Amino acid sequence: MIAILIFILSFACWAQVQSLDTAPRKKHVKGAEIRILSDSKTLGSQKAFIGHLTIPANGKVPLHQDATEESLFVLEGGGTIWIDGKKSKISKNDLVFMPA
């Protein structure tokens, strides 16, 4: 019983809630803004990064590859994304998965 109780308390101390309204804001390239919901500095996540990225009309994010898997979910608007040399149109409610 003690071991189970310690596990539950340990888990409860780790679990956290982060609001988009209070998430740290960081200016990104070409006028884009990112609000960081989960990373090693905000919630202590070592394996996942979750952010809310706003890109203005005609904005861009430079070609890059992250060290971790990345998933994008388009809340509104749309654009073009390049993955492994392949161009794809994305729009509202599309999910994009990119391997590390």
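Exposed denotes a relative accessible area over 50%, and buried denotes one under 20%. The structure shown in these views is a predicted model.

**Figure 1. Arg-25 and Glu-33 are joined by a salt bridge.** The closest N and O atoms of Arg-25 and Glu-33 lie 2.9 Å apart. Arg-25 has a relative accessibility of 52% and therefore counts as exposed. Glu-33, by contrast, has a relative accessible area of 18%, so this residue is buried. The bridge thus links an exposed arginine to a buried glutamate.

**Figure 2. Lys-27 and Glu-33 form a further salt bridge.** Here the side chains of Lys-27 and Glu-33 meet with an N to O distance of 3.7 Å. Lys-27 is exposed, its relative accessibility being 64%. Through shared partners, the salt bridges connect Arg-25, Lys-27 and Glu-33 in one network. Two salt bridges are found when the whole structure is searched.

**Figure 3. Strands β1, β2 and β3 make up an open antiparallel sheet.** The three strands follow the order β1-β2-β3. The edges of the sheet are occupied by β1, residues 25–27, and β3, residues 50–54. Each of these edge strands has a single partner strand, so one side of each has no neighbour in the sheet. On average, neighbouring strands are turned by 25° against each other, with direction ignored.

**Figure 4. Strand β1 pairs with strand β2 in the antiparallel sense.** Three bridges support the pairing between β1 and β2, the latter comprising residues 33–38. Within this pairing, Arg-25 stands opposite Arg-35 of β2. Arg-25 is also the salt-bridge partner of Glu-33.

**Figure 5. Asp-84 has a positive phi in the loop between β5 and β6.** The phi angle of Asp-84 is near 50°, a positive value in a residue that is not glycine. The flanking strands are β5, spanning residues 78–83, and β6, spanning residues 86–91. Asp-84 has a relative accessible area of 76% and is therefore exposed.

**Figure 6. Asn-93 has a positive phi in the loop between β6 and β7.** For Asn-93, a residue other than glycine, phi is near 75°. The loop that holds Asn-93 runs between β6 and β7, the latter strand covering residues 95–98.

Note on methods. Residues numbered from 1 in each chain as written. Predicted model: local features only at pLDDT ≥ 70, side-chain atom pairs only at ≥ 80, totals over all residues. Heavy atoms only, no water. Salt bridge = Lys/Arg side-chain N within 4 Å of Asp/Glu carboxyl O. Buried < 20%, exposed > 50% of the residue type's maximum accessible area, 1.4 Å probe, protein only. Pairing = 2+ DSSP bridges. Helix = DSSP H or I, 4+ residues; strand = E, 2+ residues; numbered from the N terminus. Axes fitted to C-alpha atoms, helices over the stretch in contact; angles between N-to-C directions.
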